Amino acid sequence: MAILVYCENWDGKFKKLSFELVSYAAKLAEKTNTEAVALSIGNVADDELKQLGKFGAKKIISVNKDELKTLDNKVYTSVIAQVAEKENAQILVLAHNLTGKALSPRLSVKLKAGLVSGVIEIPSTFAPINIKKKSFTGGAIANVVVNSNTAIFTLSPNSCEVAENETNAAVENFDANIGNVATKVVDVNKVTGKILLSDAEIVVAGGRGMKSGENWAPLEELAQVLGAGIACSRPVSDEGWRPHEEHVGQTGKIIAPNLYIALGISGAIQHLGGVSSTKCLVAVNTDKDAPIFESSDYGIVGDIRKVVPALIEAFKEVKAG
Amino acid sequence: MKILVCISNVPDTTTKVKFVDNNTKFDVTGVQWIINPWDELALTRALELKEASNGAIEKVTVANVGEIGSEPTIRKALAIGADDAVRINAKAEDAYFVAGQIAEVVKKDAYDIVFCGIESSDYNGFAVGGMLSEFLDVPSVSSVSGVEIENGNVKVYREIDGGKETLSTELPFVAIVQKGITINPRIPAMRGIMMARKKPLNVVEPVALDKLTEYSNYEMPPAKAACKMIDEENVKELVDLLQNEAKVL
Amino acid sequence: MNFEFTEEQIMIQQAARDYAQRECIKDVIERDTKAEFPTEHIKNLAELGFLGMLVDPKYDGGGMDTVAYVLAMEEISKIDSACSVVMSVNNSLVCYGIEEYGTEEQKEKYLKPLARGEKIGAFLLSEPEAGSDATSQRTTAEDKGDHYIINGTKNWITSANSGSIYLVIAQTHPDKKHKGINAFIVEKETPGISLGPHEDKMGMRSSDTHSVMFTDVKVPKENRIGEDGFGFKFAMKTLEGGRIGIAAQALGLASGALERAVQYAKERKAFGTEIINHQGLAFKLSDMAVKVENARNLCLKAAWLKDQGKPYGIASAMAKYYAAEIAMEVTTESVQIHGGYGYVKEYHVERLMRDAKLTQIYEGTSEIQQIIISRDLAR
């Protein structure tokens, strides 16, 4: 019996998110008297793989094959399912990010395992499993019961603290069966430096308070200093000031960064619905009565043209020091 | 070629979230129901593809798992331009159950492309598309920001870190789409609205399938702590707090 | 008594709302400031079927009922009264006039493109010397056997430039007074027609308004509508229906202004709380809401009567009179509630107030409506 945690890699490296997942899996393992097993797919060096052992994974399985270079949902699902069966996994844990959302549903059907997406804690009971997740775009918390023997969770970002727990786990290579790979990459169009908004840990967003599409340069610089994704509110993308991919909100992208800096955004419900799972929301606005301050953790009432350059300087100092 | 678009009946985005029956059921009094916004975008794109295909795409069907209360929303999809609709007569509570029902419809009528919106605005489940593809044992592509059909070949654009990938895949497949697939949902024309009732809306009974999960009850999220205001002359204080108090840097 | 709308009526209302709030809103202030015609929007509204909503599908119309029309007119007018006035003239005056009283040939040739919105219609009744007193027509239409020759000037014509199919009211037999008036379908491109300059109006500035001069304009006999001398009755009958469209437009201006005032009052803080919590202002809003509800009910009742084939002339007069009067009151009050913000273009309500004034004047002044209603009481 095991808790299987799938750890995605980014160009061969893990992120803080990966360690949060392993910490969570380790907690589950403790509660169920089983082991946490970490699974990596792709070309990841042993040194990097061993990192997963620092957070409570008792075993680290690596599947590295050429055919797995590109994410093909069907093939990856099959590989993870094979490992789940091999390890007799009772619960599978994936990230609540784009990859996790692509794979967990397929796994649910393949393993006939109940899927609870965006969980925010460990289950309150295990037989059956009772667990909490966010719903109605952050408007309510739902309690879900899992009826099947196996369960799959995708873990909401910022729900589990990273907990160090060195196990000195060994890395095991697994030779998975790869079937037909139907999805092939024909072309890649990358604008280097542009961070995928959906999974970004820090996001800087601009609203109508920016006054015009011409004023985005300071925001872009701030994003660059922070290594952040860039977002905007709906009116901004509707006006054509920024591309539609940047629109965050109930009808745009729903994201959950650690830090969301909202510049000149008044805080309409539809926009806030897109960032309800943010760990920390900072708002800068000239209007002290702007609704966004009711939902922020920190706020500055001030002129963006003054505040943003000051922020850039201050963040630069922190990065340097 | 035939396209199927899965549509979900969800409360309007401005609805206040409330529960009844001891917090076990979502309060539906006075709720305006709409097509899940991402499904509406998917439907619009499917119709654009059909119109540009010169007859190669013969029809666009919408499928919904829901009780009779879903029918006005289904008819809106027909008004927008879908050719016909299927309603599987059951409550849409568990994604596994919903996906399994739609799989039966897809298998029966041999659709080539299935569109699903990336998530539904009520339960924020994103699972139906992926589950459906596994039930059908076909490829799926997620985060689809564009679909084009050229000479019968399907090109799919998927958003990635820093940009996008162009992919080819085998038919039939399931595309799980997000905003970008098209920008604005289509507004139904008067003609479409008047014809909606004349288009076929087939109701089928569900097949027996387990519900793997169940929503037992709801809670309101914990109240938020008040916002800490920082003076605009003292931006450094904010950075300090972010680093040492919030620990997000 | 069933006060509920059908599914189709709700869908139509939603479609109009979506178009207005997504598309018209983008450039409505700019177009009003520059007095620019909403060419793209009219084209899009035509494609969606809004310009021939009431026309039978066999003439390429939408085949909708008048209730749906009122709902659509209200939604569009909340944002863009220029678009809605083009819709109203096209639907209730021109399309209705031709469909109800025209010959099959006239419907084939003119009604179909109007219903599709490919051509826009205009209604030419008012003259420099004859507004409310429509019996004193100075424009003449001489009977020349197989054609008529029209001479004269028409004033304040909506869509004179953007339109291409005119319904022209003119005097053929002066001795027969109003029984000697005829109505004609005239194509704008006919030689002898010229337009005066674009009127620089207080409101509805994005709609084009011109005077139209007729100098020996030749119109074929088959373009006359109805029997010889039918023109005055034709004008009065079509205006009865036209009133419903304008009543719905006034309703939209009022309900749009009310919605904005409520939204503002919920957000704006003064003296320690949101201003909607101050009783004086809350009572204003409550009065505005009752007026809007009354106006809506009058419009819907008139529409319902028309759809049932029952006489609706008094109901439509009451609807137009009341909706226009309260539109002026509610929009003015909305500006007041917005304070300084209400006075600047960016917040829309000052435009709604300027637009509302015209609803009290055109398609039968409020005073004319009062004459209609009181004469009915006096019978």
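Helices (H or I, at least four residues) and strands (E, at least two) are DSSP runs, numbered from the N terminus. The structure is a predicted model, in which local features need pLDDT of at least 70 and side-chain atom pairs count only at pLDDT 80 or more, while totals for chains, interfaces and linings use all residues; side-chain values use heavy atoms, with hydrogens and water left out. Residues are numbered from 1 along each chain as its sequence is written, and chains are lettered from A, with ligands numbered from 1, in the order in which they are written.

**Exercise 1. Locate A:D11 and describe its backbone and its exposure.**

Step 1. A:D11 belongs to the loop between β1 (2–6) and α1 (16–32) of chain A.

Step 2. Its phi is positive, about 50°, although A:D11 is not a glycine. Most residues other than glycine have a negative phi, and most peptide bonds are trans.

Step 3. For accessibility, buried means under 20% relative accessible area, exposed over 50%, and partly exposed in between (1.4 Å probe, protein chains only). A:D11 has a relative accessible area of 81% and is therefore exposed.

**Exercise 2. Decide whether B:S143 is buried or exposed, and state which element holds it.**

Step 1. B:S143 is found in strand β9 of chain B.

Step 2. Its phi is near 55°, a positive value in a residue other than glycine.

Step 3. The relative accessibility of B:S143 is 4%, so this residue counts as buried.

**Exercise 3. Find the cis peptide bonds that precede A:P128 and B:P172, and place each proline.**

Step 1. In chain A, the bond joining A:A127 and A:P128 is cis, with omega about 5°. A:P128 sits in the loop between β6 (125–126) and β7 (129–135) of chain A.

Step 2. In chain B, the bond joining B:L171 and B:P172 is cis, with omega about -5°. B:P172 sits in the loop between β11 (163–168) and β12 of chain B.

**Exercise 4. Describe the burial and the pairing of strand β12 (residues 173–177) of chain B.**

Step 1. Of the 5 residues of β12(B), 5 are buried. One side carries B:F173, B:A175 and B:V177, the other B:V174 and B:I176, and all are buried.

Step 2. Two strands pair if DSSP finds at least two bridges between them. Strand β8 (residues 113–117) of chain B runs parallel to β12(B) and is joined to it by 5 bridges; within this pairing, B:C116 has B:I176 as its bridge partner.

Step 3. Strand β9 (residues 140–150) of chain B is also parallel to β12(B), with 3 bridges. Here B:V144 stands opposite B:V177.

**Exercise 5. Trace the open sheet that contains β12(A), and identify its edges and the helices beside it.**

Step 1. The sheet has 6 strands in the order β13(A)-β12(A)-β14(A)-β15(A)-β16(A)-β15(B), and the pairing is parallel.

Step 2. β13 (229–232) of chain A and β15 (228–230) of chain B stand at the edges; each has a single partner strand, so one side of each is left without a neighbour in the sheet.

Step 3. From one strand to the next, the twist averages 20°. Axes are lines fitted to C-alpha atoms, for helices over the stretch in contact, and angles run from 0 to 180 degrees between N-to-C directions.

Step 4. Contact means heavy atoms within 4.5 Å. Helix α5 (residues 217–226) of chain A packs on the sheet and touches β12, β13 and β14 (259–263) of chain A, its direction making about 175° with that of β12(A).

Step 5. Helix α9 (residues 304–320) of chain A lies across β14, β15 (280–285) and β16 (298–301) of chain A, at about 150° to β14(A).

Step 6. Strand β12 (residues 202–206) of chain A and β13(A) share 4 bridges, and A:V203 has A:G229 as its bridge partner.

**Exercise 6. Characterise helix α6 (residues 231–267) of chain C by its span, its bend and its burial.**

Step 1. The expected span of a helix is 1.5 Å times one less than its number of residues. Helix α6(C) has 37 residues and reaches 53 Å from first to last C-alpha, close to the 54 Å expected.

Step 2. The bend at a residue is the angle between axes fitted to the seven residues ending there and the seven starting there. A kink of about 30° in α6(C) is centred on C:E240.

Step 3. In α6(C), 28 of the 37 residues are buried, so the helix is largely enclosed by the rest of the structure.
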